[in-house]
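Trainee: Can we go through how the labels in this model are earned? I'd like each one set against its definition.

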Amino acid sequence: MTPALTLRDIRKSFDGFLALDNAHIAVRWGEVHALLGENGAGKSSLMNIAAGLYKPEAGELLVNHNPVRFNGPRDAAREHIGMVHQHFKLVRPFTVAQNILLSLPEPAEPLSYRQRLAEVARRVQAQAAALGFAIDPQARIDQLSIAEQQRVEILKVLLAGARILILDEPTAVLTDQEAASLLTTVRALAREGAAVVLVTHKMADVKAYADRVTVMRGGRTVASVDPAETPVAELVRLTVGEGVDDGAVAAPRRAGDRGAPMLTVRELALGARGGHRPLDGVNLTVHAGEIYGIAGVGGNGQGELAAAIMGLSRGFEGELRLQAVNLLSVSPARRRHLGMAAIPADRYSHALAGALSIAENFGIGLVHAGRYGFSLWLRKRRMDAETRDAVAAFDVQGVRSVAQKAALLSGGNAQKLVLAREFSKQPRLVLAHSPSRGLDVRAGAEVHARLRAARDAGAAVLLISEDLDEVLRLADRVGVMARGRIVAEFEQPADRQAIGQAMTHHD
Amino acid sequence: MTDAVSGVPAPRRFEPLFSRRYTLEIRQQMAWPQQAAVLALAVVAGLLISGAILVAAGVPAGELFQEFVVATVFDAQSLQAVLFQGAPMIMVGLAAAIAFRARYWNLGLEGQMIWGAIGATALSVYDVGPPGLRLLLMFGVALVCGLLWSLLPALLRLRWGVNEIIATLMLNYVAGNFLLHLLYGAWKDPASAFPHSPAFQPFERLPELLGPSGAALGIALVAMLGVWWLVNLSRAGLYLRFVQASPPVAHAVGVPVTRMVLVAVLLSGALAGVAGFLVTSGQEGRLTQAFYHGYGFSGILIAFLARNHPIAATVVALLIATLFVAGRSLQVFYQIPFSMVQLIQAIVVICVASSDFFIRHRLRRVLPS
């Protein structure tokens with residue numbers, strides 16, 4: 001078999017953060033090639049380079065041994081490379097045929113719109129039949145299920161002439177049966193000679209459907225092996241790494257040091273019974289003076305759990321208590337009054353108002369308690385002075401004046417501003433969701449030090465992170481979240497391999 | 001590109017104007033003097049276009065400045081008319097600004113004005129309260145009536161998510177038709193049988209205070225200071241800024257979003273209700289059929305041009321009032337229809353709205369490589 005697509009020594013950084021370094025992959029014609037790795041390992045970045053969406057800073061791309069250079073996805077399409085993204089790029093009120101027509105180049109012979117649409121509809125049906133499923137070209141996208149929309153995406157890239165097909169986490173949104181059917185289709189494509197890259201984190205899919213697997217970790221390619229000859233334990237070890245002790249690990253607290261239960265979650269659920277349930281009976285307890293880390297692959301209910309604790313949305317069933325108070329029935333303002341602090345995953349959706357000043361964003365944390373005046377009077381001078389102190393204490397860089405907009409802060413400094421506000425009172429419960437995502441190493445370490453300090457001061461800290469290293473470094477206890485529940489719990493020192501197994505190998 | 005690397009500047013070649021390429025870039029932040037300059041330029045552009053239209057409509061070009069500036073601002077009587085017109089304009093401008101700050105599109109200013117005026121007039125028609133307190137009572141009742149009329153769409157929105165743009169706009173028609181119902185029925189003036197209420201008693205009219213419009217203007221300026229205090233100096237103002245900047249963030253950091261929206265909307269309705277009182281008691285001296293016409297649109301326009309800032313809203317309201325007064329004299333002297341005034345308003349607004357683009361973007365020439 002000859003190589004179809006080769007990426008060699010690829011380097012790529014975003015805002016100074018090295019996302020890919022020395023990454024490579026070689027995909028041959030006629031094979032299903034799995035690309036395995038944790039969230040943030042660089043799988044999607046590498047594939048976006050192959051699809052012409054990102055430009056690499058170093059390294060080379062070869063298609064059929066020929067070096068190529070892409071200035072955009074159209075250049076990649078010219079080399080017969082097509083990518084199906086995790087988030088579909090379809091126009092919802094348009095029909096299947098219209099969506100596919102949009103992505104096709106202008107035909108050589110002049111045809112009317114109606115003729116072209118009919119032509120596309122015919123080709124859609126033919127291609128779908130060849131792949132072994134049926135689809136109505138006149139159906140509107142918003143009437144289709146997720147699995148059907150995904151088929152439309154696949155048809156779209158195939159009809160645009162793709163012979164090297166990249167599927168980014170295609171089974172993440174599918175039920176087991178749908179996933180099995182999709183992967184069977186993918187195998188059929190490879191049998192006919194196409195090259196397929198399957199970006200995934202599911203060991204079972206890799207074992208069952210891939211001819212080769214390339215494993216990435218921390219932006220590097222760590223191995224390229226034959227899945228049939230490699231045991232699952234070995235794949236897990238390659239994916240999550242050996243977990244080398246970097247010396248920064250604080251001695252985890254033993255059960256004896258734990259305080260009273262602070263946060264109690266019992267059978268917390270969201271969604272209709274029988275239907276899709278993002279949360280499906282979460283049970284956990286976080287004690288005063290401990291960090292409870294939730295590990296797991298993204299999209300298994302972590303976001304919903306964080307929303308439940310912060311009070312961002314409604315509709316939760318079950319029990320969520322901060323000591324004796326049922327949090328589900330009180331407002332976010334009341335939760336904060338009770339001593340909850342939150343570091344949400346998405347700063348500019350749930351923590352900072354970018355258009356407002358640093359002082360306003362800091363002051364809003366203490367203003368409810370009346371520290372900066374009552375409803376008809378704001379003690380602005382005091383707020384500004386305390387903001388300046390907090391900005392200095394938390395080492396928020398790039399602040400010329402506390403009156404400047406918060407949006408002008410870099411990611412790490414914006415996060416430090418959030419921390420400065422959330423820790424301006426002594427919190428009893430801290431929720432930290434991916435608190436060091438997108439930060440450089442130094443800023444990340446500072447965030448971690450703050451969380452440890454909060455724990456040592458007696459707070460209960462719930463850390464939710466898709467970065468297993470972060471969880472292992474910080475948490476005193478680790479829970480693994482999958483399919484809306486905590487499927488396993490580990491005392492530190494936890495077995496990294498066992499956690500990896502629980503994250504990826506569950507039913 | 002090679003020139004840039006070697007440091008030798010490329011000789012300037014002539015490029016035909018139409019083959020030059022430009023790119024648009026998003027501008028992060030513009031210093032406020034520059035922003036003010038862009039806005040001023042937009043207003044000037046709008047006025048120039050309007051001037052050209054007026055000239056085309058038959059106003060001699062030389063007379064424009066005379067009519068708009070000299071005759072309105074430097075003539076004591078016209079200035080009086082401007083201030084007279086200005087007080088209710090300021091009130092509706094403030095009313096719109098405070099609601100918009102809570103991301104609530106109150107298009108029901110006219111309905112709230114109507115109810116304010118109906119409330120005030122009811123006291124006159126049914127002779128409620130001692131004459132000495134009558135005016136004060138009328139003021140209070142107008143305020144409460146405007147507030148209550150704005151409560152209905154606010155509750156619909158906050159409870160059931162009913163779009164307030166539709167609700168407030170439609171409730172204007174309800175209020176307007178109820179007004180006609182009263183004026184053609186129970187409240188018809190027995191003296192003339194015209195469809196307006198009987199004339200107010202002298203003690204039901206706003207007193208002269210440093211000129212005929214002094215009292216109304218005083219109320220408007222107090223309202224301006226109150227709103228300015230609320231949005232700039234109070235804790236509620238900080239909450240309101242968070243609601244305006246991002247409702248999800250405001251909710252997550254513990255701002256009582258629902259309560260703040262309600263406070264802003266009720267204040268908006270109350271201010272509009274008082275505007276209704278100012279027109280009926282201060283200008284007309286009775287409840288008439290069409291006293292509210294145009295105020296709803298003007299209020300939105302004022303708030304928009306002033307970027308919801310209370311002091312700027314006051315200045316803009318007085319400018320719009322000038323435009324109204326000048327428009328009236330144009331009508332008399334040059335037979336220019338009054339709708340020309342609305343045309344000018346619209347042109348200026350479009351120019352200012354477009355200038356936003358230049359504040360947020362930057363046009364940069366792309367040099368050929």
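Mentor: Sure, beginning with a sheet in chain A: it is open, has 6 strands in the order β6-β7-β8-β3-β9-β10, and its pairing is mixed. This is a predicted model, where local features need pLDDT of at least 70, side-chain atom pairs count only at pLDDT 80 or more, and totals for chains, interfaces and linings use all residues. Residues are numbered from 1 along each chain as its sequence is written, with chains lettered from A and ligands numbered from 1 in the order in which they are written.

Trainee: What makes β6 and β10 of chain A edge strands?

Mentor: Each has a single partner strand, so one side of each is left without a neighbour in the sheet. Strands here are DSSP runs of E, at least two residues, and helices are runs of H or I, at least four, numbered from the N terminus.

Trainee: How do you know that β3 and β9 of chain A pair?

Mentor: Pairing takes at least two DSSP bridges between two strands. β3(A) and β9(A) run parallel and are joined by 4 bridges, so they pair. Within β9(A), Val213(A) is the bridge partner of Ala34(A).

Trainee: Over to chain B: why is Gly146(B) called buried?

Mentor: Buried means 20 or more other C-beta atoms within 10 Å of the residue's own (exposed is 12 or fewer, partly exposed in between; C-beta atoms are placed from the backbone). Gly146(B) has 35, so buried it is.

Trainee: Where is Gly146(B) placed in chain B?

Mentor: In helix α6, residues 131-160. The C-alpha atom of Gly146(B) is 7.9 Å from that of Ile114(B), 32 residues apart along the chain.
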